[in-house]
Amino acid sequence: MSTDSGKGPIPITNQVAIPEQELSFTFARSGGPGGQNVNKVNTKAVLRFDVVGSQSLGEEDKRLILERLASRLTKEGELVLASDATRSQEDNKRLTVLKLQQLLRAALRIQRPRKATRPSRAAKERRLATKKARGARKQERSGQGFDS
């Protein structure tokens, strides 16, 4: 799964794509791999996406994202993602975009409604038979004492 970082909109679903202008990136010193280099170079990528202010998302899409990703959003409705997995600033930036794609794709997925089902008569009879067997086994155990 590759992203065209810096080359246009980022595809989320067949109907939704986010222009890169709606994303803001900042970079910070990373605690990740890199040895002495981490003390000198800002390789950690932090992506911010304003869900509430996005022009590319419809109202229904915004509602789904705000509802399903509520624990990951700021009070202002911004989604903040970070990556410091690699030594490369560009690779970390690409990883944050991939995380964004995966999160939004999952949030926008339409969930099929659960179809209510009933257990079959055979399934009910099997369940009751195992309950009776378990009860009988316990009954057998309880009749015996330490003396006998």
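Which side chain meets that of Glu67 in a salt bridge? Keep that question in mind while we take a walk through this predicted model, and we will come to it at helix α1.

**The whole chain**

Start with everything shown as a cartoon. You should find three helices and five strands. If you colour the chain from one end to the other, the elements follow the pattern β-β-β-β-α-β-α-α. The chain has 148 residues, and 27% of them count as buried. Switch on a surface for a moment: the accessible area comes to about 10,800 Å², with 48% of it belonging to carbon and sulfur atoms. Contacts give another view of the fold. Among those between residues at least 6 apart in sequence, 59% join residues at least 24 apart.

**Stop one: Phe25 in strand β3**

Select residues 23–28, which make up strand β3, and show the side chain of Phe25 there. Now add what Phe25 touches, leaving out residues up to four places away in sequence: Glu20, Val46, Leu47, Lys93, Thr96 and Val97. Thr96 is a good one to check with a distance tool. Phe25 and Thr96 are 71 residues apart in sequence, yet their C-alpha atoms are 9.4 Å apart in space.

**Stop two: Arg48 and Glu78**

Next, select strand β4, residues 44–50, and pick out Arg48. Beyond its neighbours within four places in sequence, Arg48 is in contact with Glu22, Leu23, Ser24, Glu78, Leu79 and Val80.

Show Glu78 as sticks too. The side chains of Glu78 and Arg48 meet in a salt bridge, at 2.8 Å from N to O. This pair links distant parts of the chain: Glu78 sits in strand β5 (residues 78–83), Arg48 in strand β4, and 30 residues separate them. Are these two partners buried, exposed or something in between? Arg48 counts as partly exposed because its relative accessibility is 33%. Glu78 is also partly exposed, at 22%.

One more distance from here: the C-alpha atoms of Arg48 and Leu73 are 10.0 Å apart, although their positions lie 25 residues apart along the chain.

**Stop three: Val51**

Follow the chain out of β4 into the loop that leads to α1, and select Val51. With a relative accessible area of 0%, Val51 is buried. Which residues does Val51 touch, not counting those up to four places away in sequence? Show Leu57, Lys62, Ile65, Leu66, Leu73, Gly77 and Leu79 to see them. You can also draw a line from Val51 to Arg63: the two are twelve residues apart in sequence and 9.4 Å apart from C-alpha to C-alpha. Arg63 will come up again at the next stop.

**Stop four: the salt bridges of helix α1**

A general point helps here: side chains of opposite charge can pair when their charged atoms come close. A search of the whole structure finds six salt bridges, and helix α1 is a good place to look at some of them.

Select residues 59–68 for helix α1, then show Lys62 and Glu59, which are three residues apart, about one turn of the helix. They form a salt bridge, with their closest N and O atoms 3.9 Å apart. Their surroundings contrast: Lys62 is buried, with a relative accessible area of 11%, whereas Glu59 is exposed at 62%.

Now for the opening question. The side chain of Glu67 meets that of Arg63, at 2.9 Å from N to O. Because Glu67 and Arg63 are four residues apart in helix α1, about one helical turn separates them. Glu67 is exposed, with a relative accessible area of 51%, and Arg63 is partly exposed at 39%. Add Glu60 to your selection as well, since salt bridges that share partners join Glu60, Arg63 and Glu67 into one network.

**Last stop: a positive patch**

Bring the surface back and select Arg118, Arg121, Lys124, Arg127, Lys131, Arg134, Arg137, Lys138 and Arg141. Together these residues form a positive surface patch. For a closer look, choose Lys138, which lies in helix α3 (residues 121–142). Is Lys138 buried or exposed? Its relative accessibility is 53%, so Lys138 counts as exposed.

Notes:
Residues are numbered from 1 along each chain as its sequence is written. This is a predicted model: local features need pLDDT of at least 70, side-chain atom pairs count only at pLDDT 80 or more; totals for chains, interfaces and linings use all residues. Side-chain values use heavy atoms; hydrogens and water are left out. Patches are made of residues with over 30% relative accessible area and no salt bridge: like charges are joined within 9 Å, nonpolar side chains (Val, Leu, Ile, Met, Phe, Trp, Tyr) within 5 Å. Accessible areas come from the Shrake-Rupley method with a 1.4 Å probe; for residues, only the protein chains shown count as cover. A salt bridge is a side-chain nitrogen of Lys or Arg within 4 Å of a carboxyl oxygen of Asp or Glu. Lys and Arg count as positive and Asp and Glu as negative; His and the chain ends are not counted. The place of a charge is taken as NZ of Lys, CZ of Arg, CG of Asp or CD of Glu. Helices (H or I, at least four residues) and strands (E, at least two) are DSSP runs, numbered from the N terminus. Buried means under 20% relative accessible area, exposed over 50%, partly exposed in between (1.4 Å probe, protein chains only). Contact means heavy atoms within 4.5 Å.
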